[in-house]
Every structure is written in structure tokens, then in C-alpha cells.
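This report describes the empty spaces in a predicted protein model and the ligand that goes with it. Please keep the sequence and the structure in view while reading.

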Amino acid sequence: MSRRPLGEITRGTTNPNRLRRVDNWIAWRCASLLRDAADPLVVDLGYGASAVTSVELRGRLARVRPDVRVTGVEIDPERVAAARPYADPPALDFVRGGFELAGLRPVLVRAMNVLRQYEEAAAGEAWHTVLAALAAGGVLVEGTCDELGRLGCWVLLDASGPLSLTLAARLSTLDTPATLAERLPKALIHHNVPGEPVHELIQALDAGWRDAAPLAAFGPRQRWIAAVGRLREQGVPVLDNTRRWRLGEVTVAYPGRPGR
Ligand SMILES: C[S@@+](CC[C@H](N)C(=O)[O-])C[C@H]1O[C@@H](n2cnc3c(N)ncnc32)[C@H](O)[C@@H]1O
């Protein structure tokens, strides 16, 4: 096997707290996976120009499993050197690597804002490479968000493929759910066209938001809850409940794949 890390160096843009929404979702959705893991190793793949989101991920997941270990894996050696002063092994470490995960066998990989800069076919291959490197029963959380983390979309995958899609927004600044389409992961963004399941999903959520406009008087949270509730009434396989909707989230079965 080649020892060259798999992938390309891309833009390193990141920000403190940018990934708060996805981290909190991981801490909720993957809690039992982390608690039950023989080796609670998590990889933050492509952490970017600063170590900050890896440091934050370690802190958030340590509330679920205090001995969780997070390793930031980054393909740019200069970014690895810049992150090393923040290492605190075994809790937090930084290594150079690519989609092969530098030979690590984590139970969970978070890859945010990494694949959007690749071609769709390369992003699909990256999913396979990362999934093959996971520990048995492990998962990948892959997605995209805006620079401040107010709009985000991510996919949960296990060895069988993509399981779910989560759409998340800061409701106080949300204009309309259709804006989330700009943040769809690479695998879905080019499929946001009529006739495709992800397009129907975004359109249905947007229509529900419009219909719930009178509830705006009670705040955007009530409006979002009504819009998501309507999705469920229409038969969309919504996988979560009001407790998550209140946070401005909704998780559905991966578009085009039946709910599991
Ligand atoms: C836009 S930054 C994302 C930073 C952080 N994850 C965030 O969401 O704020 C993307 C980073 O992914 C890195 N990257 C791209 N392909 C990679 C690969 N195959 N393996 C590891 N890192 C990669 C880039 O070098 C870059 O630093």
C-alpha cells in the first residue's frame, strides 16, 4: 500500500464554534456507540488551518465518554505542525494523513467541510476509503456548513452506506429552509433538481415553513417544529423528534434510501 496520504490539500478555512451543531448532534446520536466502544478513538478528518474544532470536539465528546481520544488527521503537513502545540495525548493528538486515516481504526470520523472541494466521484470514493478504515461498527459523519456554523447539513454513514441526512439551522437568522440547499454535502448538492428525492425533501420543508408563517408570531422555533411535523405527516421518514426539532434540526432517512 502507498504511504502517501490519500487526497489533496484544500483551503483550510475554519472558525471557533463553527461545528458546534454537528458536534452536539454527534454527542447525542452516537452516545451509545462511543460509550460501548472498546477503544473510544475519534478522528477529526481535515481539521484545517487551526486546531480549534478538534479541541472543541474532544471537549464535547468527553462529556459522553471521559476517556474519548480525538486525533486530528490533516493532509497539509504545515497545518499538522501548527496544531501540534495543542496536542495533549492520549486525549488529543494531531497527525498527517488522508482518507486512509493514517492507519488509525477509529469508531467515529467527523469530516466537515472537507469533501465539498472535491469532485463528486472523488468524494464518493473518499466515503468508501474512510468507511473501510473504520473499526467494526464505526460511523462517518460527513457534511458542510457555513463559515459561522449557522447552516449545516451532514450525512451519517456506516459500512452499509449513507443512513441519514440532517439539516440544521440557527432559526433566529433563518430566512427560509431552501437556503440549506447551498450547504448540502457533495454527494447531494448536484442532485437538488426536480425529480430527485433531496429536492423534494427541501421543497416540502420549504412549503411547510411557508404554511406555518402565522406561527412566526410565537417565534421561529414553533414555525420550524410545525414545518417538520408536516414533513412527517406527508410520509417523509423523519428519524428524530421534537426534542431535536426545537434545536433547529431535522434528521431524515438518507434521501432515496428507505428509513432504518
Ligand atoms: C475547509 S477546511 C475544514 C476545516 C474544519 N473541518 C471545519 O469544518 O472548519 C478543509 C481541510 O481539509 C483538509 N483535507 C482535504 N482533503 C483531505 C484529506 N484527504 N485528508 C485529510 N485532510 C484533508 C484540507 O487540507 C483542509 O485543511
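Which N or O atom lies 2.6 Å from a nitrogen atom of the ligand? The partner is in the side chain of Y118, and the pair falls under the term polar contact, that is, a pair of N or O atoms within 3.5 Å.

## Basis of the values

Because this is a predicted model, local features need pLDDT of at least 70 and side-chain atom pairs count only at pLDDT 80 or more, whereas totals for chains, interfaces and linings use all residues. Residues are numbered from 1 along each chain as its sequence is written, and side-chain values use heavy atoms, with hydrogens and water left out.

## The ligand and its shell

Besides the contact with Y118, an oxygen atom of the ligand lies 2.7 Å from an N or O atom in the side chain of R79, and an oxygen atom of the ligand lies 2.8 Å from an N or O atom in the side chain of N113. On its own the ligand has 610 Å² of accessible area, of which the protein covers 99%; such areas come from the Shrake-Rupley method with a 1.4 Å probe.

There are 27 residues around the ligand, and T14, E74, R79, N113 and Y118 come nearest, where a residue counts as near if one of its heavy atoms lies within 4 Å. By class, this shell has 11 nonpolar, 11 polar and 5 charged residues; Ala, Val, Leu, Ile, Met, Phe, Trp, Tyr, Cys and Pro count as nonpolar, Asp, Glu, Lys and Arg as charged, and the others, Gly among them, as polar.

## The two largest pockets

The ligand sits in the largest pocket, in the sense that more than half of its atoms lie within 2 Å of the pocket's grid points. A pocket is found on a 1 Å grid over the protein atoms alone, as an open set of points with protein on both sides within 12 Å along at least five of seven lines, and its lining residues have an atom within 4 Å of a point. The largest pocket holds about 500 Å³ of space, a volume being the space filled by probe spheres set on the points. Its lining has 34 residues, with R11, M112, N113, V114 and Q117 nearest the centre, and strand 1 (41–45), strand 2 (69–74), strand 4 (108–112) and strand 5 (139–145) each supply at least two of them; strands are DSSP runs of E with at least two residues, and helices are runs of H or I with at least four.

The second largest pocket holds about 160 Å³ and is lined by 13 residues, of which P197, L201, V236, P237 and P255 lie nearest its centre. Helix 7 (197–211) and strand 8 (249–253) are the elements that give two or more residues to this lining, and the largest share, 4 residues, comes from helix 7. This lining has 9 nonpolar, 2 polar and 2 charged residues.

## Enclosed cavities

A cavity is a set of grid points where a 1.4 Å probe fits but cannot get out, and 2 cavities of 30 Å³ or more are counted. The largest cavity has a volume of about 40 Å³, and its lining includes R18, M112, C145 and W154; strand 6 (151–158) gives the largest share of that lining, 3 residues.

The second largest cavity, with a volume of about 40 Å³, is lined by residues that include F99, W127 and E142. Helix 5 (120–133) gives the most to this lining, with 3 residues, and the lining divides into 8 nonpolar, no polar and 1 charged.

Definitions and conventions: Polar contact = N/O pair within 3.5 Å; in protein donor to acceptor, adjacent residues only side chain to side chain.
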